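Here is a short briefing to keep beside the model as you look around. The points are grouped by topic, so feel free to jump to the part you need.

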Protein chains: 4
Amino acid sequence: MVKNDKEEMIINAALAVFCKKGYANTRMADIAREAGVSYGLVYHYFGSKKVLFDIIVNTWWSDLYHVLEEQKNSKAAFPERLAYITQFFLDAYANKPNLTSIFISEISRSSVYHTSTGLEKFRRFFTLCEAIMDEGQKTGFLRDDIRPHYLTYIFLGAVEGFISILVLGREQLNDKRKKRMIDGITQVFLDGARVR
Amino acid sequence: MVKNDKEEMIINAALAVFCKKGYANTRMADIAREAGVSYGLVYHYFGSKKVLFDIIVNTWWSDLYHVLEEQKNSKAAFPERLAYITQFFLDAYANKPNLTSIFISEISRSSVYHTSTGLEKFRRFFTLCEAIMDEGQKTGFLRDDIRPHYLTYIFLGAVEGFISILVLGREQLNDKRKKRMIDGITQVFLDGARVR
Amino acid sequence: MVKNDKEEMIINAALAVFCKKGYANTRMADIAREAGVSYGLVYHYFGSKKVLFDIIVNTWWSDLYHVLEEQKNSKAAFPERLAYITQFFLDAYANKPNLTSIFISEISRSSVYHTSTGLEKFRRFFTLCEAIMDEGQKTGFLRDDIRPHYLTYIFLGAVEGFISILVLGREQLNDKRKKRMIDGITQVFLDGARVR
Amino acid sequence: MVKNDKEEMIINAALAVFCKKGYANTRMADIAREAGVSYGLVYHYFGSKKVLFDIIVNTWWSDLYHVLEEQKNSKAAFPERLAYITQFFLDAYANKPNLTSIFISEISRSSVYHTSTGLEKFRRFFTLCEAIMDEGQKTGFLRDDIRPHYLTYIFLGAVEGFISILVLGREQLNDKRKKRMIDGITQVFLDGARVR
DNA sequence: AATGAATGAGCTTTCATTCAT
DNA sequence: CATGAATGAAAGCTCATTCAT
């Protein structure tokens, strides 16, 4: 996992350019220029535009899986587990805004990305979340008149939709805002937006 | 607004191809072939790939604005208004699956699309929704410890996330399922997923 | 088989450039310039450099097969049949020097061309010749203390080697020289170079 | 002429790769990998791909010239001298199959575009052979109704064509087969394939 | 209105070669 | 001697767009 200087510079440059222009409009020359290296070096290390992009994409997925696996096996109370998943996305946005932006704009919705392997990544992601929702219902914490399937989509949709707005507005996050957002999302999901 | 035969065939072909391949991977030749016309004719009527795409995109936005304006001025009870917005997306998916799919995968998240004009469309969309949420808080229906801003993003994110799953799975909708989905989304948003 | 103007101009240009520079050193831009058409038109008609080359190659093979099949079924005396095969190559050189040159320098010996399909072309060619030699032995015309296999290679090698010299020297052929060459090759093959 | 270990390994690797892929499709990296050295070292010793190839080519030519000079000045009977030339090629194929294959597929015919120096090599080769044929005619051994020029091309063409088949089929040679081939070629060239 | 031949800028990719270590 | 990271010119190919018919 340790990369040499140039390799890392190229990855970071690629993150910036993919984020700014999107995959289709990114030129390998842009990445090379942004990284301050020659044209050929990008190919020397990464072989092709697709490979470079996939490496970036896989970084995202492996981070995400790591967090979800952790929460799946967590003994924490249910609301904390949801909060933790939400926090993952907000932290990702705070720490790796480019990567998060690429996820939002290039991975999560791209019809192009939805090859069989791409779909597989998603399935694994949804399945992990659904398992958590399922457990929430089985332990009597979540209402069971709505399919766990649907609950998952509502929750993940809300989180992802929320993040996408942050990305769109290039908004800055501090810890206070982050906390307020996490609370807002989990509270609305668990207790609703209606006044009691 | 009345189009002649060929013009409409091209629009429909474009919808199908953009939906299947995404904007960047769509060739003008694909659209012409799908429409059964020469590709000179596509240029004759639409001038460029971008114009053709924008026409499609504008169809989406104008449909959406129409519904939202209607609900903004509606005298209906608040939950019904949310349900109606949700229903718009589900109806769009049922009646114009290609267009909805293009919205999900090419418009709503595409960093490329987010030029100043593209952003403007979104702002108008969010602002309309936010006005509804704002009214919900002011009339004491919605809790006011969460910013209307956030409520909007959570609600729209949930709806859009939900639809994107339908698109991804190319799921069929009948009226019963549609109703269950609308109820699920609005109930979770309003009353939460937690057992009382 | 009827080609339009530009298509034929491109084929002829390709023949000239492949002949002059060889496949590997031919640039598609060279062909386009030689044909006096734009870059893209070569691709419009032929799709790729390889396809363009293969079309040319196939012209050669189909001409050759045509002649050999004819001679295989011929009732002519054996020497005439050999002379006819020899004549094919000399006529090819006289009428289509570029094509013949490409055969000599790019097809007949190219390790690159010898893929399974390329090899197949050769096998068919050799097999047809061998059948003629075989018949020559069976009818008592040719000595049978040398395998028909070997006779074929010696004969074809001599013919091909001879042609390759013509190509190398860009020599001009008139009917008189052509006849002398045909006689020389067939006489040496049949009666030997030794004084009796 | 004495080479160190690595130098020789590189030459052998180059022989193998040029033989397998042809000059144009050979990558310096392929040669380095095959030799088990870095590709900087290939440049350290040989300077360029062209130089490396030329060294290999020159090995071939100098071996060949050596044999031909020997036979030119030989006092042996004419048939033995032809047999010896034929044997040179068959021995070369048996002992250095890669080098022979490179001659057949990369040197002997691609010289069409190969510079004046490449053509020069051939001229010298043909001239040497022609001198032998010329002497054969002058001493009354060979018929003189065919130009020595033509006789040379027929003989060399037959030999080279024969070898090229061996290369194509990657055929194994033992001493018995070798002798049968030499006899076949020289006998047909001298006495013809026709039954007397 | 309708066609599709024709264009060429622009892209990804390759690979011989250089050079700092 | 030996390495392999680094370079960039040059090639094949794509495809939106134009335009004569």
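In this predicted model, a polar side-chain atom of His44(C) sits 2.9 Å from a phosphate oxygen of DNA strand E. Tyr45(B) reaches a phosphate oxygen of strand E too, with a side-chain N or O atom at 2.9 Å. Lys49(A) takes part through its backbone, where an N or O atom lies 3.1 Å from a phosphate oxygen of DNA strand E.

**Around DNA strand E**

- The elements that give two or more residues to the surface near strand E are α3 (39-46) of chain A, α3 (39-46) of chain B, α3 (39-46) of chain C and α3 (39-46) of chain D.
- DNA strand E is surrounded by 30 residues, and the closest are Tyr39(A), His44(B), Tyr45(C), Arg27(D) and Tyr43(D).
- Sorted by class, the surface near DNA strand E holds 14 nonpolar, ten polar and six charged residues.
- Which parts of DNA strand E supply its atoms within 4 Å of the protein? Sugar or phosphate accounts for 68% of these atoms, and bases make up the rest.

**Around DNA strand F**

- For DNA strand F, 30 residues form the surroundings, with His44(A), Tyr45(A), Arg27(B), Tyr43(B) and Tyr39(C) as the closest.
- Of the atoms of DNA strand F within 4 Å of the protein, 67% are in sugar or phosphate, while the rest are in bases.
- Ser38(A) has a backbone N or O atom 2.8 Å from a phosphate oxygen of DNA strand F.
- A polar backbone atom of Thr26(C) lies 3.2 Å from a phosphate oxygen of strand F.
- Tyr43(B) approaches with its side chain instead, placing an N or O atom 3.4 Å from a phosphate oxygen of DNA strand F.
- The elements that give two or more residues to the surface near DNA strand F are α3 of chain A, α3 of chain B, α3 of chain C and α3 of chain D.
- Among these, α3(A) gives the most to the surface near strand F, with five residues.
- The surface near DNA strand F divides into 14 nonpolar, ten polar and six charged residues.

**Where chain A meets chain B**

- The contact draws 51 residues from chain A and 51 residues from chain B.
- Together, chain A and chain B bury about 4600 Å², and carbon and sulfur atoms carry 61% of that area.
- How many salt bridges link chain A and chain B? The count is four salt bridges, including one between Arg109(B) and Glu160(A), whose closest N and O atoms are 3.1 Å apart.
- Between chain A and chain B there are also 18 residue pairs in polar contact (both at pLDDT 80 or more).
- On the side of chain A that touches chain B, α1 (5-21), α6 (97-107), α7 (116-138), α8 (148-169) and α9 (175-191) each supply at least two residues.
- The most come from α8(A), which gives twelve residues to this side.
- By class, the side of chain A that touches chain B has 25 nonpolar, 14 polar and twelve charged residues.

**Where chain D meets chain C**

- Here the contact takes 50 residues from chain D and 53 residues from chain C.
- About 4700 Å² is buried between chain D and chain C, with 61% from carbon and sulfur atoms.
- Three salt bridges are counted between chain D and chain C, among them the pairing of Arg194(C) with Asp191(D) at 2.7 Å, N to O.
- The interface of chain D and chain C has 17 residue pairs in polar contact (both at pLDDT 80 or more).
- α1 (5-21), α6 (97-107), α7 (116-138), α8 (148-169) and α9 (175-191) of chain D each give at least two residues to the side that touches chain C.
- α8(D) provides the largest share of that side, twelve residues.
- The side of chain D that touches chain C comprises 26 nonpolar, twelve polar and twelve charged residues.

**Chain build and arrangement**

- Chain A has nine helices and zero strands, and its C-alpha trace spans about 60 × 35 × 30 Å along the principal axes.
- A turn of 179 degrees with a shift of 0.0 Å along the axis lays chain A on chain B with an RMSD of 0.1 Å.
- That is the relation of a two-fold axis.
- Both copies use the same surface, as 100% of the contact residues of chain A recur in chain B.
- No contact joins chain A and chain D, and their closest C-alpha atoms are 13 Å apart.
- Chain B and chain D are not in contact either, with their closest C-alpha atoms 32 Å apart.

Methods:
Residues are numbered from 1 along each chain as its sequence is written. Chains are lettered from A and ligands numbered from 1 in the order in which they are written. This is a predicted model: local features need pLDDT of at least 70, side-chain atom pairs count only at pLDDT 80 or more; totals for chains, interfaces and linings use all residues. Side-chain values use heavy atoms; hydrogens and water are left out. A residue is near a molecule or strand if one of its heavy atoms lies within 4 Å of it. A polar contact is a pair of N or O atoms within 3.5 Å; within protein, one must be able to donate a hydrogen and the other to accept it, and residues adjacent in sequence count only if both atoms are side-chain atoms. Helices (H or I, at least four residues) and strands (E, at least two) are DSSP runs, numbered from the N terminus. Ala, Val, Leu, Ile, Met, Phe, Trp, Tyr, Cys and Pro count as nonpolar, Asp, Glu, Lys and Arg as charged, and the others, Gly among them, as polar. Contact means heavy atoms within 4.5 Å. Buried area is the accessible area (1.4 Å probe) that two parts lose on being put together, summed over both. A salt bridge is a side-chain nitrogen of Lys or Arg within 4 Å of a carboxyl oxygen of Asp or Glu. Copies are superposed by least squares on the C-alpha atoms of residues with pLDDT of at least 70 in both.
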